[in-house]
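Hi,

Here is the structure I promised to pass on to you. Have it open beside this email, and my notes follow below.

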Amino acid sequence: MIKRAEESGRLSPGQTLIEATSGNTGIALAMAAAIRGYPLKLIMPSNMTEERKASMAAYGAQLIEVGAGAMEEARDLALAMQERGEGVVLDQFANTDNPRAHVEGTGPELWEQTGGRLTHFVSSMGTTGTIMGVSEALSPKGVRIVGLQPKDGNIPGIRRWPEEYLPKIFDRSRVDEVIDITQRESQECMRALARCEGVLAGVSSGGAVSAALRVSAAVDDAVIAVIVCDRGDRYLSSGLLSAEAGADDPAPVGVAEHLSALALLGTAHPGPHYVYVSSGRYPDDHPEHPNEPWCGDCRRSLPAARAAVVETGGTLLVVEAGTREEWKGNDAHPLRQPLREGCTFGLASVQGLPTLLRWGASPTGGGAELARCGPELEAAETEADAARIVGEFIESTKGLSL
Ligand SMILES: Cc1ncc(COP(=O)(O)O)c(C=O)c1O
C-alpha cells in the first residue's frame with residue numbers, strides 16, 4: 001500500500017501516515033514507515049494487547065487509543081484526521097492495494113505450493129483484504145472460498161461489520177460460504193493448536209482453523225488452506241494462553257482432525273509420515289499414577305518412536321486418544337467412530353494398544369494407514385526392546401508408498 005501510494009504521488013517524503021488498526025497491520029506499517037522515514041499515527045481500540053502497543057512503540061509509531069472494541073470509532077477518527085490535514089490515511093478497508101497483495105502474492109503462492117490441488121480456502125474476515133484478493137486469484141481455478149465472521153464477542157482482527165462500515169473492498173459475491181464463529185470456539189482452538197500441534201497462533205487463527213476443520217469434516221478428498229494470520233505471542237498478556245486457561249476446554253481435537261492435519265502435511269512434506277496413537281493415558285486423578293500421563297507401554301515406546309522417526313527425517317504425529325476410561329464402552333468417542341471411505345484407521349485397528357502407524361498421504365489430501373505395529377509394542381518390556389521393535393517396523397515399511 002505504501003509503495004503504490006508513493007508511485008501514484010498520493011504520498012510523498014515527510015508526510016505523516018495515519019491508520020486505524022486492530023494491531024497487525026499497524027505493526028507492519030510501523031516497520032515499513034520506519035524504513036521509509038514516515039512519521040506514523042496508529043489508532044487502535046484500547047483493549048488490544050500490550051504486546052501490540054509495545055511493538056508499535058518500538059518502531060517509533062505514535063499510538064492513539066479509542067474505546068474498547070471500537071474499530072468503527074478508530075476508522076472514523078482516522079478519516080477525520082485526514083480531513084483536518086493531519087496526514088494521509090492508506091485506509092486498508094477501502095484501498096484496493098490491500099487485496100492486490102493477495103492477488104499477486106498469497107493466492108499464487110498457495111496454488112503453487114499445493115501443486116494446483118487446492119480445493120478450499122478458509123480465512124477470517126477483517127478488512128477482507130486477504131479473502132478478496134485470494135478469491136480473485138483462485139476462484140477462477142475452482143477453489144471454494146470460505147470466510148468467517150464472529151458470531152459474538154471480541155475476536156481481535158475480525159468483525160461482524162454493520163452495513164455502513166462494511167469495508168469498501170468487500171464484495172459478498174466473491175465469498176462462497178460465510179461461517180459464524182464464536183469467541184469461545186476460537187479461543188479453544190487457539191489453545192488446542194498450541195497444546196496439541198505446537199502452533200502458537202492468535203485468536204482469529206484459532207477460529208479459522210476451527211472453521212477449516214468443520215469444512216474438512218464435511219468433504220472428502222479436499223485440500224484446504226487456512227490462514228493463520230498472527231502469532232500467539234501477541235496475546236500472552238491476555239492470559240488466554242496461560243497454564244490455567246482453558247480448564248473447561250474439550251479434550252484435545254479428535255483423531256479424525258489430527259489425521260486431516262497429517263494428510264495436509266503430506267502435501268507439504270515428502271514424509272515418510274508416522275502416527276503414534278496413545279490410547280492408554282491415565283486420568284489426571286488416577287489413584288496409583290497421579291503424575292504419569294501415560295501408561296507404561298506408552299512411556300516405553302513413545303520416546304523410541306520419536307527418536308527413530310526423527311532419524312528418518314520423517315514426520316510423527318502423536319495422537320492422544322483419551323484415557324481408557326473415556327473410550328472403553330463409549331461409542332461416541334472419536335476412536336470408535338466409523339471410518340471414512342478409504343480410511344482404514346480406527347479403534348478396530350488400534351484395539352487399545354499403543355500403536356505406531358505408517359501413514360500415507362495421497363496427492364488429493366486423503367490418507368490411509370499403510371502398516372501398523374501395536375501388539376509388538378505392547379509386548380516390549382524395556383525401552384531398548386521398544387526401540388528395537390520401532391526400528392524393525394520402520395525398516396520393514398521403508399519401501400511403502402501410496
Ligand atoms: C489478527 C487478525 N485476524 C484477522 C485479520 C483479517 O484479515 P483481513 O483484514 O485481510 O480480512 C486481521 C487483519 O488485520 C488480523 O490482524
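Ile18 has Lys41 in β2 as its bridge partner, and Ala20 is matched in the same way with Ile43 of β2. From β1 the chain reaches β2 by way of α2, in a β-α-β crossover that is right-handed. Before going further, please keep in mind that this is a predicted model. The two strands in question, β1 (residues 17-20) and β2, run parallel and are joined by four bridges.

On its other pairing, β2 (residues 40-45) meets β3 (residues 62-66), again in the parallel sense, over five bridges. Here too there is a right-handed β-α-β crossover, with the chain passing from β2 through helix α3 (residues 50-58) to β3. If you want a residue to look for, Met44 stands opposite Glu65 in β3.

How do the strands line up as a sheet? The order is β3-β2-β1-β4, four strands in an open sheet with parallel pairing. At the edges are β3 and β4 (88-89), each of which pairs on one side only. As for β2, five of its six residues are buried, so this strand is largely enclosed by the rest of the structure. A general point may help when you look at the side chains: in a regular strand they alternate between the two faces of the sheet.

Now to the ligand, which I suspect you will want to look at. Which residues surround the ligand most closely? The closest are Gly126, Thr127, Thr130, Gly157 and Ser204, out of 19 residues around it. Two elements give two or more residues to this shell, namely α2 (24-36) and α6 (129-138). The largest share, three residues, comes from α6. Sorted by class, the shell has 13 polar residues, five nonpolar ones and one charged one. Both domain 1 (2-89) and domain 2 (97-238) contribute, with at least three residues drawn from each.

The helix α2 therefore turns up in two places in these notes, because it gives two or more residues to the shell around the ligand and also carries the crossover from β1 to β2.

Next, the nonpolar core. The largest one has 39 residues, and those with the most contacts inside it are Phe121, Val122, Ala208, Ala211, Ala212, Ile224 and Val226. Two or more residues each come from β5 (120-124), α6, β6 (144-150), α7 (183-197), α8 (203-218) and β8 (224-226). The biggest contribution is that of α8, with seven residues.

Helix α8 also holds Ser205. Is Ser205 buried or exposed? It is buried, because 25 other C-beta atoms lie within 10 Å. Ser205 and Met190 are 15 residues apart in sequence, while their C-alpha atoms are 6.9 Å apart in space.

There are also two backbone angles that I would point out to you. Asp91, in the loop between β4 and α5 (97-113), has a phi near 55°, which is a positive value in a residue other than glycine. Asp91 counts as buried, because it has 20 C-beta neighbours inside 10 Å and 20 or more is the cut-off for that label. The other is Thr128, which sits in the loop between β5 and α6. Its phi is also positive, at about 75°, although Thr128 is not a glycine. With 29 C-beta neighbours inside 10 Å, Thr128 counts as buried as well.

Last of all, Gly246 lies in the loop between β8 and α9 (255-268). Where does Gly246 fall between buried and exposed? It is partly exposed, because there are 17 other C-beta atoms within 10 Å. Gly246 and Glu188 are 58 residues apart in sequence, yet 6.9 Å apart in space from C-alpha to C-alpha.

Happy to go through any of this with you.

Best wishes

Notes. Residues are numbered from 1 along each chain as its sequence is written. This is a predicted model: local features need pLDDT of at least 70, side-chain atom pairs count only at pLDDT 80 or more; totals for chains, interfaces and linings use all residues. A residue is near a molecule or strand if its C-beta atom, placed from the backbone, lies within 6 Å of it. Ala, Val, Leu, Ile, Met, Phe, Trp, Tyr, Cys and Pro count as nonpolar, Asp, Glu, Lys and Arg as charged, and the others, Gly among them, as polar. Domain bounds come from an automatic or database domain assignment. Two strands pair if DSSP finds at least two bridges between them. A crossover is right-handed if, with the strands pointing away from the viewer, the path from the first strand over the helix to the second runs clockwise. A nonpolar core is a set of buried Ala, Val, Leu, Ile, Met, Phe, Trp, Tyr and Cys residues joined through C-beta atoms within 7 Å. A residue is buried if 20 or more other C-beta atoms lie within 10 Å of its own, exposed if 12 or fewer, and partly exposed in between; C-beta atoms are placed from the backbone.
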